[in-house]
Amino acid sequence: MSTTSWAVRLRWAPWSRVVRLHLAGDRWPRLSEGPISVALRLAWLLLLVPVLLGCWLELLLVLVLLPFALIVRVAGTGWRLEVSSRGCRAGVIRVGSLAAARRLRRSLREHLGAHPGLDDARALLAAEQAELQPVEISARRWRLVSHQLSPYGRRRWFLWRRRLSFEDAMDSLPSGFGDDPISAIIAIPFLLWFAVLFTGATLELLAEIAVLPLVFVLKLCHVLPWPVELVRQGSVEPQAQVRGMVASVRARRALTAGHALRLPLPSLVRRVPQPVS
């Protein structure tokens, strides 16, 4: 897996938005322990409500102030490009005009697709008279990113593996939702598809819950084994059939620990060691 995945966006809002869906999404509990994880996810939904409300309120304020921000930028304050890695802002670039910002965005996307940072992009920045301001990514924020990207082990409590999931519903939402006025309109069909997937996942979950008590008793009595699986992004790999509650928990934890990722903290510019006086 690549340690960096850079994105370059033109910032239309007067400021870098504070309330984003990743505030709740980064803490989305893993589905590693069946009903226990489901209960944690229901609690997570309580966090999602104020985050969504704050996201919409901030977006509404941005739309109200956007005409004034455009006038000020055209008058000479310039435009901003934001460079991020896996949703973490790593730098802000100030450019004089909208045309220059678009040219630089295209050039930087090509450059970052082949290089780990902007140390070798000084000519690109100088050609558009752009100023780069690096932003240090929080180590705590990056640990959450690494945690979400890491494969993990889980015990399957239910009788069958679900065909629809709430993760698929969340993944159907556009990642750059609300970054500019046009994206808010484009997002409407994605929101409708999200509602369909969310409803289907809810109905299948209710069916599995209905037969769960019988399945749980059979597993406690060692009649049925606990399927232990490795969950990667986009796939689930069966690993073992373990009989016994304690033994299956140990197998699941060992699987998670053995596949945890340690991604290095990304930076747009190389840090030069300071001489020791």
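**Figure 1. Glu33 and its two arginine partners.** At 9% relative accessibility, Glu33 counts as buried in this predicted model, the cut-off for that word being under 20% relative accessible area. Glu33 forms a salt bridge with Arg155, and the closest N and O atoms of this pair are 2.7 Å apart. Because Glu33 lies in the loop between helix 1 (22–25) and helix 2 while Arg155 lies in strand 5, the pair ties together parts that are 122 residues apart in sequence. Arg155 counts as buried too, at 4% relative accessibility. The side chain of Glu33 also meets that of Arg252 in a salt bridge, with a distance of 2.9 Å from N to O. This second pair links distant parts of the chain, since Arg252 belongs to helix 8 and Glu33 to the loop between helix 1 and helix 2, 219 residues apart. Arg252, at 13% relative accessibility, counts as buried. Side chains of opposite charge can pair when their charged atoms come close.

**Figure 2. The open sheet of strands 5, 6 and 7.** In this view 3 strands form an open sheet in the order 5-6-7, and their pairing is antiparallel. The edges are strand 5 (152–155) and strand 7 (235–242), each of which pairs on one side only. Neighbouring strands of this sheet are turned against each other by 30° on average, with direction ignored. Strand 6 (residues 226–232) is joined to strand 7 by 7 bridges, and Trp226 stands opposite Val242 in strand 7. Helix 8 (residues 245–258) packs on the sheet, where it touches strand 5, strand 6 and strand 7, and its direction makes about 160° with that of strand 5.

**Figure 3. Further salt bridges.** A search of the whole structure finds 8 salt bridges. In one of them, Glu237 pairs with Arg232, the closest N and O atoms being 2.9 Å apart. Glu237 is partly exposed, with a relative accessible area of 28%, and Arg232 is partly exposed as well, with a value of 34%. Salt bridges that share partners also join Arg154, Arg156, Arg161 and Glu229 into one network.

**Figure 4. The open sheet of strands 1 to 4 and the helices across it.** Here 4 strands form an open sheet in the order 1-2-3-4, with antiparallel pairing. Strand 1 (6–11) and strand 4 (131–134) are the edge strands, each pairing on one side only, and the twist averages 25° from one strand to the next. Strand 1 and strand 2 (residues 79–85) pair over 6 bridges, and Trp6 stands opposite Ser85 in strand 2. Helix 2 lies across strand 1, strand 2 and strand 3 (88–95), running at about 105° to strand 2. Helix 3 (residues 98–112) lies across strand 1, strand 2 and strand 3, running at about 175° to strand 1.

**Figure 5. His111 in helix 3.** His111 lies in helix 3 and is buried, with a relative accessible area of 8%. Leaving aside residues up to four places away in sequence, His111 touches Gly117, Leu118, Asp120, Ala121 and Leu124.

**Figure 6. Two places at the surface.** Leu60, Leu61, Val64, Leu65 and Phe68 form a nonpolar patch on the surface, and together they have about 460 Å² of accessible area. Val64, one of these residues, has its place in helix 2 (residues 34–77) and is partly exposed, with a relative accessible area of 48%. Ala210, in helix 7 (residues 181–220), is exposed, with a relative accessible area of 61%. Ala210 and Phe158 are 52 residues apart in sequence and 10.0 Å apart in space, from C-alpha to C-alpha.

Notes:
Residues numbered from 1 in each chain as written. Predicted model: local features only at pLDDT ≥ 70, side-chain atom pairs only at ≥ 80, totals over all residues. Heavy atoms only, no water. Helix = DSSP H or I, 4+ residues; strand = E, 2+ residues; numbered from the N terminus. Buried < 20%, exposed > 50% of the residue type's maximum accessible area, 1.4 Å probe, protein only. Patch = residues over 30% accessible without salt bridge, like charges linked within 9 Å, V, L, I, M, F, W, Y side chains within 5 Å. Areas by Shrake-Rupley, 256 points an atom, 1.4 Å probe, with all protein chains shown as cover. Salt bridge = Lys/Arg side-chain N within 4 Å of Asp/Glu carboxyl O. Pairing = 2+ DSSP bridges. Axes fitted to C-alpha atoms, helices over the stretch in contact; angles between N-to-C directions. Contact = heavy atoms within 4.5 Å.
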